[in-house]
Each structure stands twice: as C-alpha cells, then as structure tokens.
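User: I'd like to go through a few of the labels on this model and hear what backs each one up. Can you take them one at a time?

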Amino acid sequence: MRPFELLKPESIGECCSLLAEHGDRAKLIAGGTDLLIFLKKRLLRPSHVISMSRIPGLDEIREVQNCIHIGPLATFRAIETSEKMRRTVPVVADGAHQVGSVAIRNVATLGGNLCNAAPSADGAPPLLALDARVGVAGPVTSRIIPLDQFFRGPGETALERGEVLTGIDIPIPLSGSRAVYLKVRRTATDIALVGVAVLLVVDPEHRRAGHVRIALGAVAPTPMRSRRAEDCAEGMSIDGDRGWVEEVARAAAEEAQPISDHRASVEYRRAMVAFLVREAMHRLIEDKPNCEGGPA
Amino acid sequence: MKRRLHLQVNGEDYFLDVDSSRLLSDLLRDELGLMGVKIGCGQGECGTCTVLMNGRAVRSCLLLAGQAEGSRIVTIEGLSRNGLDPLQRAFIDHFAVQCGFCTPGMILMAKALLDENPSPTEGQVREALEGTICRCTGYSKIVDAVLAVARVSRNEKGGAG
C-alpha cells in the first residue's frame, strides 16, 4: 500500500472539514473491509485515511417515532442481531446476515456498504424496498437524500466533496407488510451475482398485494427498483391462481441491465432475477419468508 | 507518519509506534512474533488471519493496526497461556488437524461462536465457520470437535445432554 496518514476526527464537523480540505486525496474508512482491499491492490492511493471511530454515537440503532435510524458505523453483525431490527424491518437484517462471513460482518458497516456503492451491495435492495433515506452532512449544510437517488453509478454516490453519510432512516412499514431478501452467489461468502428484495402489503380484507416494491442488486450500474415488475404485481390477489407471479418475474428480468463478468453471464443473471423474484413472491404469498427447501 | 498505539494482546499491554498504514496482521506477526496469525489470501476470505478483537472474530489482514487502538486482541497463542483450551484439546482428540494452517482461524472462530452461543446446532457451527477455509480435512472432524466441546460444557452445566 502507498503510505498514508490515518486521521481520527472527533466530530462530524471536523470530519467534513478534513474531507473538504483534502478532497480526492483522502478516503473515509468505516469498517474498512472494502477499503483495505482497494488499498492493498493499489486501486486507491490516498494520502489521508479518515476514520470516524472517535465520533460518539455513530453505531446506534434507534427507533424514533415511526422510523428506524441506523448510524453510519453500525456493523452488519449488530444489524442482523438487533432485536429492534428483527421486529420492525427484518428484511434489512436478512440482507445484513447474507454479507460475507461472521468475521467480516463484525467489522463491515451498512454505511460503508452504501457509500462504497457496489451494484451488488446487500445493504441496498432491502433499503430500496423500504423507501429508506440517508442523512448527509457537509462542512456547511446537511440534507436528506432518498436512497433511490443516492446511487449514481458503480462506486459513485451523490456525496459531494466534504460530505459524509450521517445515518440511514427507514420508515417502519405498515402492519401486514411482508418482505424478503434473496441472493445468488457462487460460494458461502461471495458478493451477490444477483440480489432481490421484495416487499408487499397484504390488505387483510381483499387479500391483494399492495405497495409492492421489487429491488434488484448486481444487475445494473446501481441497485435499482423494478417499477414495471412492481406494476405487474400491484393489486393482484394472493389467493387462487398465481399465474401473475410469472409475469412479475419476467418483467423484472427484462428491466434488469446485467453484464457478463467472471461471476456470471448476462443470460444467467437475467434467469436468476426471474428465479429470485418468483421465489420471493411465492414465499411472501405463503408468508414464509425464511422457508427451507426448494422453490414453490 | 507514525502513531502511538496502545493495544492489549493476549493479556499483555503494548505501546508501540506504528505507521498509519500498518496492518494489524503484520503488527501481530512481525512486531509481536505471533505466527499463529497467518496470511493466506490477504483479502479476508480464507480466515487464516482471524483474531478475536474485544471478543469478536475479525480478519486482521483487513484491519489497520490503528483501527485496533485500545482493543483487547486474542490470538491462538492467547488460548494456551494456562494449558490447552478445550477447543484445542478437542481438535487434537478428534483428529481435526492435518496441515494445521487453518487451525488457528478455525479454533478462534469456534471460540467466538461458543462464547456467544454455548449450545449451537451442527448447522450453526457450520454457518459460523463459513468463510474459514480448510483444504485438508473436509471440515467434518472440525465440526465434530466444536460440537464435542459444546456437549461437554452443556453436561458440566447440568443441562440436557
């Protein structure tokens, strides 16, 4: 690695000032499980690495009114084991659980995952399905960005010079909502070659799927919502004939924009989008998000 | 660009002047001579660099030494300060060691699991060891060894055997 100076500011303000001062020559470190790899491979060669670990309170998971607030340094392990998360937004805990290995999850953070902005980020599809927002602070101002406007391209976010992610806010879903995150990967600890999060709200009287959200990871330049697939599912009856699920799966596969790489081909990824959307839908219709065994 | 770093490793306190870009794995091996910390893939995917940091299993090859400031680190050497740890004894008794390269990582991952969940199922043991790779044993005897330690500690506590 190119030698660098490690700085540990003690407030968000100080952190933003340092980032603004050093610009492209500085990188933020959260858990570091992605950053260290880039540093070792010399894909990034910052002169300054800035850690937020001395700023208190950034790893909190709090319930505030009807929202779950997750601090930028909350680890995936903390999220997957959080009773609050499992009770209110379990699909985010699902996504967290499927990141890497336990040892990686003990250190890797959701905030870092989102800011790294890999198309395959497991933190993203569940949050997109929940209409999450991120809080961002800069040297002078702070702002809220809906997550579906946060990702700008592979490895690129809406963060401007001097800005840091200060938290993730998730509106707690309506009662009657069901959600699941599924991922296909080559080995037990690989990144997603396709990731799918589906959320729907079942209206108890008419038994129809409402408020459908279908978010895809690793099949486009950024994590994305498949709005055409959502439209196909909206209002459909969850009792009786499930032929509509096939249309939803097909729409999602068509809307995805996967590439071929060493993990999988375009064709395989499209097929897996359809497979996972279909599987997710059947599980949610049956209200068995974590069922073992083969597809319905 | 050196920083003064304080950490506790295997029960001993150390105050070291360390380059900001020094990896925790390299500090443990080269400054402290703890060769039970291994470098396999260097990317956090094989588990041979695993250490416990404040009780949690972490990949030391993916941590800057500076990220461990003020932490309590335990390496495999730290488990045998007062005789062999039950996990170490079980790995020997169950023939769960062949070349031994994965063994420190496996034992430390298992230790972290049992400290949090003293009675894991076989599935939970296998899940906890995901991402810690063994080329030699096929994992069965490693899993047997971990379950044996769990069984013994359950029996000692008088729980259902």
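User: Where is the place of Phe95(B)?

Analyst: Keep in mind that this is a predicted model. Phe95(B) sits in the loop between α2 and α3 of chain B. Its phi is near 55°, a positive value in a residue other than glycine.

User: What makes Phe95(B) exposed?

Analyst: The relative accessible area of Phe95(B) is 65%, and exposed means over 50%. The value is past the cut-off, so Phe95(B) is called exposed.

User: And Arg42(A), why is that one called partly exposed?

Analyst: Partly exposed is the range between under 20% and over 50%. Arg42(A) has a relative accessible area of 40%, so it falls in between. You'll find Arg42(A) in the loop between α2 (35-40) and β3 of chain A. Arg42(A) isn't a glycine, yet it has a positive phi of about 60°.

User: How do you know that Asn106(A) is buried?

Analyst: Buried is under 20%, and Asn106(A) comes in at 12%, so the label holds. Asn106(A) belongs to the loop between α6 (102-105) and α7 (110-116) of chain A. Leaving out residues up to four places away in sequence, Asn106(A) touches Thr75(A) and Arg77(A), along with Arg56(B), Ala57(B) and Val58(B).

User: Why are α2(B) and α3(B) called oblique to each other?

Analyst: Helix α2 (residues 86-93) and helix α3 (residues 103-116) of chain B have axes that cross at roughly 125° and come within 10 Å. Roughly perpendicular covers 65 to 115 degrees and roughly antiparallel starts over 145. An angle of roughly 125° fits neither, and therefore the pair is oblique. The crossing of α2(B) past α3(B) is right-handed.

User: Which residues of α2(B) and α3(B) make the contact?

Analyst: From α2(B) come Leu87(B), Gln88(B) and Phe91(B), and from α3(B) come Thr103(B), Met106(B), Ile107(B), Ala110(B), Lys111(B) and Leu114(B). By class that contact of α2(B) with α3(B) has six nonpolar, two polar and one charged.

User: What makes the contact of α3(B) with α5(B) come out with seven nonpolar residues?

Analyst: Look at who takes part: Met106(B), Ala110(B) and Leu114(B) in α3(B) meet Ile142(B), Val146(B), Val149(B) and Ala150(B) in α5(B). Met, Ala, Leu, Ile and Val count as nonpolar, so the tally is seven nonpolar, no polar and no charged residues. As for geometry, α3(B) and helix α5 (residues 140-156) of chain B pack at an angle of about 35° with axes 11 Å apart, and α3(B) passes α5(B) in a right-handed crossing.

User: Over to the sheets. Why do β11 and β14 of chain A stand at the edges?

Analyst: The open sheet runs β11-β12-β13-β14 (chain A), with antiparallel pairing. β11 (177-184) and β14 (224-225) each have a single partner strand, so one side of each is left without a neighbour in the sheet.

User: How do you know that β13(A) and β14(A) pair?

Analyst: Pairing takes at least two bridges. Strand β13 (residues 209-217) of chain A is joined to β14(A) by two bridges, so the condition is met. Leu216(A) stands opposite Met224(A) in β14(A).

User: And what joins β2(A) to β3(A)?

Analyst: Four bridges join β2(A) to strand β3 (residues 48-51) of chain A, and the two run parallel. Lys27(A) has Val49(A) in β3(A) as its bridge partner. They belong to an open sheet of three strands in the order β1-β3-β2 (chain A), where β1 (5-7) and β2 (26-29) are the edge strands.

Technical notes. Residues are numbered from 1 along each chain as its sequence is written. Chains are lettered from A and ligands numbered from 1 in the order in which they are written. This is a predicted model: local features need pLDDT of at least 70, side-chain atom pairs count only at pLDDT 80 or more; totals for chains, interfaces and linings use all residues. Side-chain values use heavy atoms; hydrogens and water are left out. Buried means under 20% relative accessible area, exposed over 50%, partly exposed in between (1.4 Å probe, protein chains only). Contact means heavy atoms within 4.5 Å. Axes are lines fitted to C-alpha atoms, for helices over the stretch in contact, and angles run from 0 to 180 degrees between N-to-C directions. Angles under 35 degrees count as roughly parallel, over 145 as roughly antiparallel, 65 to 115 as roughly perpendicular and the rest as oblique. A crossing is left-handed if the near helix is turned anticlockwise from the far one by less than a right angle, and right-handed if clockwise.
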